[in-house]
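Trainee: Please take a close look at one part of this structure, the packing of one helix pair. Set the scene with the whole protein, then go into detail.

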Amino acid sequence: MKKHSLILAIVIVLSFAQSAVFAQTDTTFTGAKATLKSYNALYIINSNDDKRIRGTLRNMANALQDPRLAGKLHLELIAFGDGTAVYMKNSAYEPLLLALKAKGVILAQCNNTLRERKIDKAELFPFISFVPSGNGEIILRQYDGWAVVHP
């Protein structure tokens, strides 16, 4: 009985001691630290849903405003499939895209989608770039160490 009481007393004391240590340390989480010289992220859009497109563009703008990444972040937006809608001249996304481009964001369109859907490049904003395939761009960027974000 004395042995059990002693063990219980030790457990209680250790619990209080551990609680006191945690109470004395600052446990406020502030997020990851940006310890690298640069960061690269590829955002993917393959949906023509307005909410998803606007959300993706907003996410990119937010990432560019993160003070931890200031001057260290390189972004690319790759559009393919239904996501080509983001670059169509008849869309409402031009101001958002131009704002991202002014901050150095690469805006890229998949040529396979254009060929398969018979979309002429003249139907797209003149300030975008083209890659042979969207999936190829994802694969290459990922193997180059880029974060791949598909909101």
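Mentor: The protein exposes about 9,900 Å². Carbon and sulfur atoms supply 59% of that area. Bear in mind that this is a predicted model. The chain has 151 residues, and 32% of them count as buried. Five helices and five strands make up its elements. Read from the N terminus, their order is α-β-α-β-α-β-α-β-α-β. Contacts reach far along the sequence. Take those with a separation of 6 or more: 71% of them join residues 24 or more positions apart.

Now the helix pair. Two packed helices are described by the angle between their axes and by the distance between those axes. Here the partners are α2, residues 50-65, and α3, residues 94-102. Their angle is about 25 degrees, and their axes lie 11 Å apart. Angles under 35 degrees count as roughly parallel. Therefore α2 and α3 are roughly parallel to each other. Their crossing is left-handed.

Next, the residues that meet. Helix α2 contributes R54, L57, M60, A61 and L64. Helix α3 answers with L96, L97 and L100. By class, the contact has seven nonpolar residues, one charged residue and no polar ones.

Two residues elsewhere round out the picture. Start with A108, in strand β3, residues 106-110. Its relative accessibility is 1%, so A108 counts as buried. The cut-off for buried is under 20%. A108 touches E76, L77, I78, A79, Y87, S129 and V131, leaving aside residues up to four places away in sequence. Its distance to I128 is also worth noting. A108 and I128 are 20 residues apart in sequence, yet their C-alpha atoms are 5.8 Å apart in space.

Then R141, in helix α5, residues 134-143. Is R141 buried or exposed? R141 has 19% relative accessibility, so this arginine counts as buried. R141 touches L42, E76, I106 and W146, again leaving aside residues up to four places away in sequence. E76 appears in the contact list of A108 and in that of R141.

Back to the pair itself. For α2 and α3, keep the angle of about 25 degrees and the 11 Å between axes. Add the left-handed crossing. Then add the contact residues, among them L57 and M60 in α2 and L97 in α3.

Terms used: Residues are numbered from 1 along each chain as its sequence is written. This is a predicted model: local features need pLDDT of at least 70, side-chain atom pairs count only at pLDDT 80 or more; totals for chains, interfaces and linings use all residues. Side-chain values use heavy atoms; hydrogens and water are left out. Axes are lines fitted to C-alpha atoms, for helices over the stretch in contact, and angles run from 0 to 180 degrees between N-to-C directions. Helices (H or I, at least four residues) and strands (E, at least two) are DSSP runs, numbered from the N terminus. Angles under 35 degrees count as roughly parallel, over 145 as roughly antiparallel, 65 to 115 as roughly perpendicular and the rest as oblique. A crossing is left-handed if the near helix is turned anticlockwise from the far one by less than a right angle, and right-handed if clockwise. Contact means heavy atoms within 4.5 Å. Ala, Val, Leu, Ile, Met, Phe, Trp, Tyr, Cys and Pro count as nonpolar, Asp, Glu, Lys and Arg as charged, and the others, Gly among them, as polar. Buried means under 20% relative accessible area, exposed over 50%, partly exposed in between (1.4 Å probe, protein chains only). Accessible areas come from the Shrake-Rupley method with a 1.4 Å probe; for residues, only the protein chains shown count as cover.
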